[in-house]
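Thanks for making the time this morning. I would like to walk through one chain with you, beginning with its overall build, then turning to its main pocket, and ending with a few backbone details.

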Amino acid sequence: MNKKYHLLCKVIIQHSYFLEGHAHVSLEPTIESSRLMQQYDLRIRRVTGGIELYYGEAVGKSFLQLMDKVFVLNFILRTSDPYWSNYTNLPLLGNSNRMLFFSNTKTAISSKGNTLLHQNEWVSSVDYKPFLSNIYVRALSSTSNEPEFKLMDSQRSIYSEKQVSGWRVSPKEEDRPALLELKLDTFAIGEYSFEIDGVVQKFVHMPQSEALRSLGIVELAVGEVQVDGENLHLLQKDEQVVPATYEILFEARETVWRYYLVNHKEIDTETIMIKEGVTGQANGKEVGVIRPIQLEGKELSNGEKATLVELQKARALSESPTGFLHLTASVLNSNTGEEEVLSLNLPLANGTQIIPKIQESQVNNTVEEDDHLLQREQGKDLEIVEDLNAVFPKQLKIVQRVYSDIYVYL
């Protein structure tokens with residue numbers, strides 16, 4: 001019996017830091033998803049920048065005849081690059097209890113017409129979801145030892161408290177309410193929705209051992225699902241497969257470049273000028289620098305002095321920059337006493353080293369805390385450091401600016 005394989009979907013991951021665009025990450029199906037792929041005769045093919053999924057069809061039959069409900073495939077997004085967070089435009093703080101989560105149930109359309117698995121033009125802070133590895137804890141409004149709740153797993157199956165094992169209620173104490181504790185040890189990797197007292201909370205679960213090696217989760221649902229009151233047909237409709245190409249787009253981080261010129265000659269800082277250009281272009285437009293420039297802006301660990309030249313505007317990091325920055329300045333030769341012209345192409349920053357400038361302050365009440373959490377959802381790079389008792393004041397850390405320091409020895 002001959003069997004043909006047809007394309008179900010493609011997931012392409014790109015990153016503007018890399019010249020060729022590919023993000024240098026991998027997608028690995030979870031154990032549960034690997035089993036589902038075997039059940040539905042789905043095959044994965046790794047391609048440059050992503051994966052393709054194919055379904056088998058023999059004598060006109062495919063996985064559509066096997067489907068009795070929506071099924072969901074979860075893939076773990078990984079990278080082996082230790083500098084990934086350096087050059088990727090995502091928050092540096094506040095991610096210890098959050099994880100990137102992408103799903104084809106909430107999407108946008110890219111400039112190329114493909115479907116984005118995230119909400120904005122680029123992956124951003126709104127694509128993080130609360131992350132739990134071992135236990136889910138929820139404060140209860142009542143003191144009942146048998147609270148009523150509902151749990152929906154990544155397969156859209158809904159379970160009541162009578163169908164879920166591994167939970168208990170910690171009695172109310174003087175300084176805290178009663179707590180519902182739900183153990184996650186036996187839960188499959190994926191997104192969960194928990195409802196109790198009319199309030200729904202969503203979180204992503206993954207064992208800690210996996211989380212340490214991953215960037216997030218990519219969820220691909222197949223079938224008809226309801227999202228925000230609207231019925232969506234994902235990858236199939238009217239018993240027909242509807243292939244799709246999905247994209248995940250990461251943006252390169254922008255940093256403020258600081259040049260430290262280590263020189264035994266006296267530089268006339270008023271004459272320092274930097275121009276940018278591309279290969280074969282001798283004179284490009286001038287790049288703004290912060291003035292006045294300090295002749296001895298920094299003392300190095302070896303006692304030498306360095307002239308600090310800080311660019312006014314942040315610039316995007318790149319693995320393979322296509323342009324250059326050219327510096328000119330007048331210098332006084334201490335040996336001859338004559339004025340000379342310094343002219344050189346400056347090295348460009350990359351993602352191997354960044355220096356966040358972090359400001360620390362305090363959060364004094366719940367109103368301030370809610371305001372900061374809203375700022376974080378809007379893209380502010382911050383972290384509220386919780387204490388065990390969750391009392392005020394709390395420590396607040398905010399990334400004010402991210403620098404790239406470059407040392408030039410003349």
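What you see here is a predicted model, and its secondary structure comes to 4 helices and 32 strands. The radius of gyration of the chain is 27 Å, whereas the globule rule gives 22 Å for 410 residues, so the chain is more spread out than a compact globule. In terms of extent, the C-alpha trace spans about 90 × 70 × 35 Å along its principal axes.

Let me stay with the chain as a whole for a moment. Of its 410 residues, 45% are buried, and if we take the contacts between residues at least 6 apart in sequence, 70% of them join residues that are at least 24 apart. The surface that the chain exposes comes to about 22,200 Å², with carbon and sulfur atoms supplying 46% of that area.

Now to the pocket. The largest one has a volume of about 1,400 Å³, and among the 34 residues that line this pocket, those closest to its centre are Asn-97, Leu-132, Val-137, Glu-369 and Glu-386. Which elements give two or more residues to this lining? They are the strands β9 (128-132), β10 (135-139), β16 (199-205) and β31 (382-385), together with the helix α4 (366-377). The largest share, 6 residues, comes from α4. As for the character of the lining of the largest pocket, its residues divide into 16 nonpolar, 13 charged and 5 polar.

Finally, the backbone, where three places deserve a look when you go through the model yourselves. A cis peptide bond, with omega at about 0°, joins Arg-291 and Pro-292, and Pro-292 lies in the loop between β24 (286-287) and β25 (298-299).

The other two places concern positive phi values in residues other than glycine. Arg-156, with phi near 65°, is in the loop between β11 (149-152) and β12 (158-160), and its relative accessibility of 26% means that Arg-156 counts as partly exposed. Asp-197, which is not a glycine either, has a positive phi of about 55° and is placed in the loop between β15 (190-196) and β16, the latter being one of the strands that contribute to the pocket lining. With a relative accessible area of 48%, Asp-197 is likewise partly exposed, the upper cut-off for that class being 50%.

That is where I will stop, and I am glad to take questions.

Notes: Residues numbered from 1 in each chain as written. Predicted model: local features only at pLDDT ≥ 70, side-chain atom pairs only at ≥ 80, totals over all residues. Heavy atoms only, no water. 1 Å grid on protein atoms, 1.4 Å probe; cavity = no way out; pocket = protein on both sides within 12 Å on 5 of 7 lines; lining within 4 Å. Points joined across faces, edges and corners; volume = space filled by probe spheres on them. Nonpolar A, V, L, I, M, F, W, Y, C, P; charged D, E, K, R; others polar. Rg over C-alpha atoms; globule rule 2.2 N^0.38 Å. Buried < 20%, exposed > 50% of the residue type's maximum accessible area, 1.4 Å probe, protein only. Contact = heavy atoms within 4.5 Å. Areas by Shrake-Rupley, 256 points an atom, 1.4 Å probe, with all protein chains shown as cover.
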